[in-house]
Amino acid sequence: MSMKIAVLASGNGSDLQSIIDGISSGSIEATEISCVISNKKNAYALERASKNDIEAIYVGEKAFTSSDAYNEEIVKILTKREIDLVVLAGYLKVLSPFFVRSFKGKIINIHPSLIPAFCGKGFYGMRVHEAVIEAGVETSGASVHFVDEGVDTGPIILQRTVQIAENETAESLAKKVLEIEHEILPEVVKLFSQGRIVFSNGEARINN
Ligand code: GRF
């Protein structure tokens, strides 16, 4: 039986593309992307979905009276499609507690830093990399983690580091980190499809 995933994205969707590529190359088996959902009408992620015959769904926030109502709509869409795994790939909205509870242990996010450093409220996009450069640290990286009710606080599944060069800029670091993201995100999806990721007692474990 195939694992059904939904990808939520607000922007370019290069992380989404890494999963599409993983599936089409055969590296990720028994997995299909059932739909891509975005809160941004013009997100290139939606176009990538359509190009790959994946259902592309735009859910505009303005049509809803509250953030809770918006989240309930997304949960409805996911439930109807019997989604096994929700992947947040550059999705710039915090999920409501109802959303998180509805898909407990089935939602993952990719963050462009080594959590718990440079994450949480306000740390998104280039802001993350600017803060890393500003701090003068020697390494950064990317993290894939389970989503809980906090912001970037859920159990870490996989991380990979990058070295920061002497003349590194936020832009060059962003590029480096994105390359790493395109490795670890499909890797984690593959592990899920193999049933090798276990979420118990608030911790993530990878089984051999
Ligand atoms: C990535 O850096 C990811 O870590 C963050 O948003 C960015 C998404 O990039 N959450 P893309 O839209 O997938 O190209």
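# Reading the ligand's pocket

Me: How many nonpolar, polar and charged residues make up the lining of the largest pocket?

Reply: In this predicted model, the lining has 18 nonpolar, 16 polar and nine charged residues. Glycine is counted among the polar ones here.

Me: How much space does that pocket hold, and which residues are closest to its centre?

Reply: The largest pocket holds about 990 Å³ of space. It is lined by 43 residues, and the closest to the centre are Gly90, Tyr91, Leu92, Tyr124 and Gly125.

Me: Which helices and strands should I look for around the pocket?

Reply: Look for H1, E5, helix H5 (126–135), strand E6 (139–146) and H6, since each of them supplies at least two lining residues. Helix H6 gives the most, with four residues.

Me: Where does the ligand sit?

Reply: The ligand sits in this same largest pocket. To read its surroundings, look for residues with a heavy atom within 4 Å of the ligand. Here that shell is made of Gly11, Asn12, Gly13, Ser14, Asp15, Gly90, Ile110, His111, Pro112, Leu178 and Glu181. By class, these residues divide into three nonpolar, six polar and two charged.

Me: Which elements supply the shell around the ligand?

Reply: Helix H1 (14–24), strand E5 (107–111) and helix H6 (170–193) each supply at least two of its residues.

Me: Which backbone atoms should I check for polar contacts with the ligand?

Reply: A pair of N or O atoms counts as a polar contact within 3.5 Å. A backbone N or O atom of Gly13 lies 2.8 Å from a ligand oxygen atom, and a backbone N or O atom of Asp15 also lies 2.8 Å from an oxygen of the ligand. For Asn12, the distance from a backbone N or O atom to a ligand oxygen is 3.3 Å. The protein covers 80% of the 370 Å² of accessible area that the ligand has on its own.

Me: Now for the backbone itself. Where is there a cis peptide bond?

Reply: Check the omega angle. The bond joining Ile115 and Pro116 is cis, with omega about 15 degrees. Pro116 belongs to the loop between E5 and H5.

Me: Which residue that is not a glycine has a positive phi?

Reply: That is Glu82, whose phi is about 50 degrees. You will find Glu82 in the loop between helix H3 (67–80) and strand E4 (85–88).

Conventions: Residues are numbered from 1 along each chain as its sequence is written. This is a predicted model: local features need pLDDT of at least 70, side-chain atom pairs count only at pLDDT 80 or more; totals for chains, interfaces and linings use all residues. Side-chain values use heavy atoms; hydrogens and water are left out. A polar contact is a pair of N or O atoms within 3.5 Å; within protein, one must be able to donate a hydrogen and the other to accept it, and residues adjacent in sequence count only if both atoms are side-chain atoms. Accessible areas come from the Shrake-Rupley method with a 1.4 Å probe; for residues, only the protein chains shown count as cover. On a 1 Å grid over the protein atoms alone, a cavity is a set of points where a 1.4 Å probe fits but cannot get out, and a pocket is an open set with protein on both sides within 12 Å along at least five of seven lines; lining residues have an atom within 4 Å of a point. A molecule sits in a cavity or pocket if more than half of its atoms lie within 2 Å of its grid points. Grid points are joined across faces, edges and corners, and a volume is the space filled by probe spheres set on the points.
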